[in-house]
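Here is a set of exercises to work through with the structure open beside you. Try each task on your own before reading the solution.

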Amino acid sequence: MGEVGDVGPGRATPGGERASGTGGPGTDIEELDAAFAETVRRTGASIGALYLVSPDEQVLCLELLCGAPADFAAPWARVPTAAPAPVADALREDDVVWVGSQGEMAHSYPRTAMALPYPLVLAAAPVTGVRRWGALLLMWPAGRPPYMTARERGHVMSRCRRLARLVEGAVAHGWSPACGDLPRVVPTGAGRRSGSPATAVADFAERLPGGSCALDLEGYFTYVSSGACELLGREADQLLGTLPWQSLRWLDDPTYEDRYRTVVISREPVSFTACRPPDRWLEFHLYPDASGISVRVVPSGAQPPPYPAPRQSARTDTPARAGRLYQLAHLAAALTEVVGVQDVIDLVADQIMPAFGAQGLVLSSAEGGRLRITGYRGYAPEAIERLDGLPLDTGFTPAGRALDSGIPAFFSHPDDMRRIYPEAPRASGKQAWAFLPLIISGRPVGICVLSYDHPHEFPAEERAVMTSLAGLIAQALDRARLYDTKHELAHGLQQALLPRTLPAISGLRVAARYLPATRGMDIGGDFYDVIRLGDTAAAAVIGDVQGHNVAAAALMGQVRTGVHAHATLGTPPDEVLSRTNRLLTDLAPDLFTSCLYAHLDLARRRATLASAGHPPPLLRRPDRDTRPVGIQPGPLLGIDPDADFPVTELPLVPELTLAFYTDGLIESPGVDLDDSISDLAHHLAHADDRDLDALVDTLLSKTGMAGQRMDDIALLVLQCATPGGRPETGPG
């Protein structure tokens, strides 16, 4: 590792330049690295990570890392901004996220806990300046207090603002984050030691019983005493500069590597026992700090553990590294959370491709006897056009054979592919491929192809992990296809049942908007309608069917049709709701519906309203005095077939405005419903009503419902036009 500001052993600065002191991007990057390292050091954190958002603002990319090797960060090097993760939450909420224990981590962020299964305390803070640039992640050993003081929070936010200013300066000089590469690893500058130990220190270690050795944070031997060499059975020159599990094959087990990872992440001492063949048991005591790990090796004074020692197998396969196992667990957890097909494609591209260093991806589904490409990365459109729609038994590429046999196919070099499939290398333009069949219970779902721009060897460990992931991808893709099919059906049904346009009615201005929920199936049972009843009358209705699924959308259509049929007969509002209520109780849908119906007599300037458990409409008078209408609601539709629905009358004066809405516009966790209605009334009172469509947009934005929504929203605004005014209608 270089000093603070040097480019660590992962990548160069963007454009291939080395950081320099001549001004411009190089100097800015030096200052950013130094400020980041200082932040980690001054907060007392053992590990720090700086994430920056990608240009499309869809992913947080790990830019800088301190206190851990770059390969440790592989499972969390790219975090979608919408993911349930501390850094993503800090960015979205623009606030500090604090996780005080591993138990709290497992409860609040189970996916992150899979990637960091160590005792630690964690904080994530937004890096925000003129815009949201990213997030800072800090980790401490579990021994620190499990809370953050106000002073500590203020200090972290202050450091984040400084980091944001430095990022802005670098961007202004033409720098941009290199999202997708390895992070730059910078040291804190604290606790550094010289490259060769002083003679007195070496003599001290030699006099101690047993053996002593030192590892850097990446796990490489940097010092080995003669006692350690004797106990480990190797000379110093055979150990220095190597990883223990590479130079000592009897330590080549994920269990032992995991002890090292635990020490690096938690900064807590760890001890374990291992057997040096044939039967010599050794105790290893690991003591970490910011510069590395001190290890004491002594003969074990205890009896051998009750389980057998790891046996030396005759096979040459390398056991999966602990990092790979955690990465597999992390990706498996992520695949369980995807919803639609596009989510599967994005996750494979953003997390699985980088995990294996692939530069190309083709994800195909088996449909109608052909392989239809549902998503790809790293290929020219011409190549995708050539590969799309191949039959399942194609001989053009290995895809058909792999899917038919269920056995993955790996090609490390173009010559390997060319011998069996001569046209395939030229069509794809790649140099190495992994064809992973996606099969569920013997049924082919599709195929996932990871490809490389250069020849690539596939060791047994990597093949095993890829094969395991293929099964998880198959399950996720199959679920996602089913979800998308149901979603398209329900969404199409809902759109067909909502009015496409609203009628033009003399003396009445109208605007409406429907917004689906941003979570779940993106559909719901909210509806609205405006019904023309001759030249001088109209009916307005809004309702909310319980649920967010196909059943809710279907029932919404039945309610809207029933209301429309009774309204066109000139039925009074209370009778419209009573008859619709009896219809629903006869259908017994097991779903309840709220509804608000208004008959508008524009000739007599009177409005008659009736409500079935619906939120009260808002009334804005010409002098902008705005308040909820004091309407007495009846019960929800579909509960009591003999229910009554009281009516309320209002005078319709010119420029009087009525706002009908569903509960999705006013319900927020932890906020009283009356307070939410008062806030909505306040926004309506101060909104410009010259353009009702703009007024609707204002109400949606002021209430914070233009972004993430747990429920769908319907909003209908009506205004009595001034005499001689022209009718105005907004889109449905």
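**Exercise 1. Find the main nonpolar core and say which residues have the most contacts inside it.**

Solution. Start with the size: the largest nonpolar core has 62 residues. Inside this core, the residues with the most contacts are Tyr51, Trp76, Leu137, Leu232 and Phe284. Next, ask which element gives the largest share: that is helix α10 (residues 254-266), with five residues. Apart from this core lies another one, of 55 residues, with Leu533, Ala567, Leu602 and Ala643 among them. Keep in mind that you're looking at a predicted model. For the wider setting, 52% of the 732 residues of the protein chain count as buried, and the chain holds 21 helices and 29 strands.

**Exercise 2. Work out whether strand β1 (residues 47-53) is enclosed or open, and find its pairing partners.**

Solution.
- Step one, burial: seven of the seven residues of β1 are buried, so the strand is largely enclosed by the rest of the structure.
- Step two, the faces. In a regular strand, side chains alternate between the two faces of the sheet. Here Ile47, Ala49, Tyr51 and Val53 are buried on one side, and Gly48, Leu50 and Leu52 are buried on the other.
- Step three, the partners: β1 pairs antiparallel with strand β6 (residues 132-141) over six bridges, and Gly48 stands opposite Leu138 there. Six bridges also join β1 to strand β2 (residues 59-66), again antiparallel, with Leu52 opposite Cys61.
- Step four, the turn: the hairpin of β1 and β2 has five residues between the strands, and Glu57 takes a positive phi near 60 degrees.

**Exercise 3. Describe how the rings of Phe272 and Phe284 are arranged, and then do likewise for Tyr452 and Phe458.**

Solution. The structure holds nine aromatic pairs. A pair of rings is described by the distance of the centres and the angle of the planes.
- For Phe272 and Phe284, the centres are 5.1 Å apart and the planes are at 10 degrees, so this pair is stacked. Phe272 sits in strand β10 (residues 270-276) and Phe284 in strand β11 (residues 280-289), so the pair ties together parts that are twelve residues apart in sequence. Both Phe272 and Phe284 are buried.
- For Tyr452 and Phe458, the centres are 5.6 Å apart and the planes are at 75 degrees, so this pair is edge-to-face. Tyr452 counts as buried because its relative accessibility is 3%, and Phe458 counts as buried because its value is 5%.

Now look around Phe284. Ring pairs link Trp250, Tyr256, Phe272 and Phe284 into a cluster. Leaving out residues up to four places away in sequence, Phe284 touches several residues, including Leu232, Trp250, Leu251 and Val295.

**Exercise 4. Trace the strand order in the open sheet of six strands and say which strands are at the edges.**

Solution. Walk across the sheet: the order is β15-β14-β13-β18-β17-β16, with antiparallel pairing. The edge strands are β15 (390-391) and β16 (409-411), each of which pairs on one side only.

Now take the pairings in turn.
- β14 and β15 pair over two bridges, and Arg370 has Pro391 as its bridge partner in β15.
- β13 and β14 pair over seven bridges, with Ala366 facing Leu371 as bridge partners. These two strands form a hairpin with two residues between them, and Gly368 in the turn has a positive phi of about 60 degrees.
- β17 (residues 432-440) and β18 (residues 443-452) pair over nine bridges, and Leu436 stands opposite Cys448 in β18.

Finally, see what packs on the sheet: helix α12 (residues 341-355) lies across β13, β14 and β18, running at about 55 degrees to β14.

**Exercise 5. Which charged residues sit over the rings of Trp140 and Tyr379?**

Solution. Over the face of Trp140 lies Arg144, at 5.0 Å from the ring centre. For Tyr379, the charged end of Lys430 sits over the ring, 5.0 Å from its centre.

**Exercise 6. Decide whether Tyr597 is buried or exposed, and place it in the fold.**

Solution. Tyr597 counts as buried because its relative accessibility is 0%. Tyr597 belongs to strand β22 (residues 593-601). Its contacts, not counting residues up to four places away in sequence, include Ala539, Val563, Ala567, Pro573 and Leu609. Compare sequence with space, too: Tyr597 and Asp574 are 23 residues apart in sequence and 8.4 Å apart from C-alpha to C-alpha.

Methods
Residues are numbered from 1 along each chain as its sequence is written. This is a predicted model: local features need pLDDT of at least 70, side-chain atom pairs count only at pLDDT 80 or more; totals for chains, interfaces and linings use all residues. Side-chain values use heavy atoms; hydrogens and water are left out. A nonpolar core is a set of buried Ala, Val, Leu, Ile, Met, Phe, Trp, Tyr and Cys residues joined through side-chain atoms within 4.5 Å. Buried means under 20% relative accessible area, exposed over 50%, partly exposed in between (1.4 Å probe, protein chains only). Helices (H or I, at least four residues) and strands (E, at least two) are DSSP runs, numbered from the N terminus. Contact means heavy atoms within 4.5 Å. Two strands pair if DSSP finds at least two bridges between them. Axes are lines fitted to C-alpha atoms, for helices over the stretch in contact, and angles run from 0 to 180 degrees between N-to-C directions. Rings of Phe, Tyr and Trp (its six-membered ring) pair if their centres lie within 6.5 Å; planes under 30 degrees apart count as stacked, over 60 as edge-to-face and the rest as tilted. A charge sits over a ring if NZ of Lys or CZ of Arg is within 6 Å of the ring centre and within 35 degrees of the ring normal.
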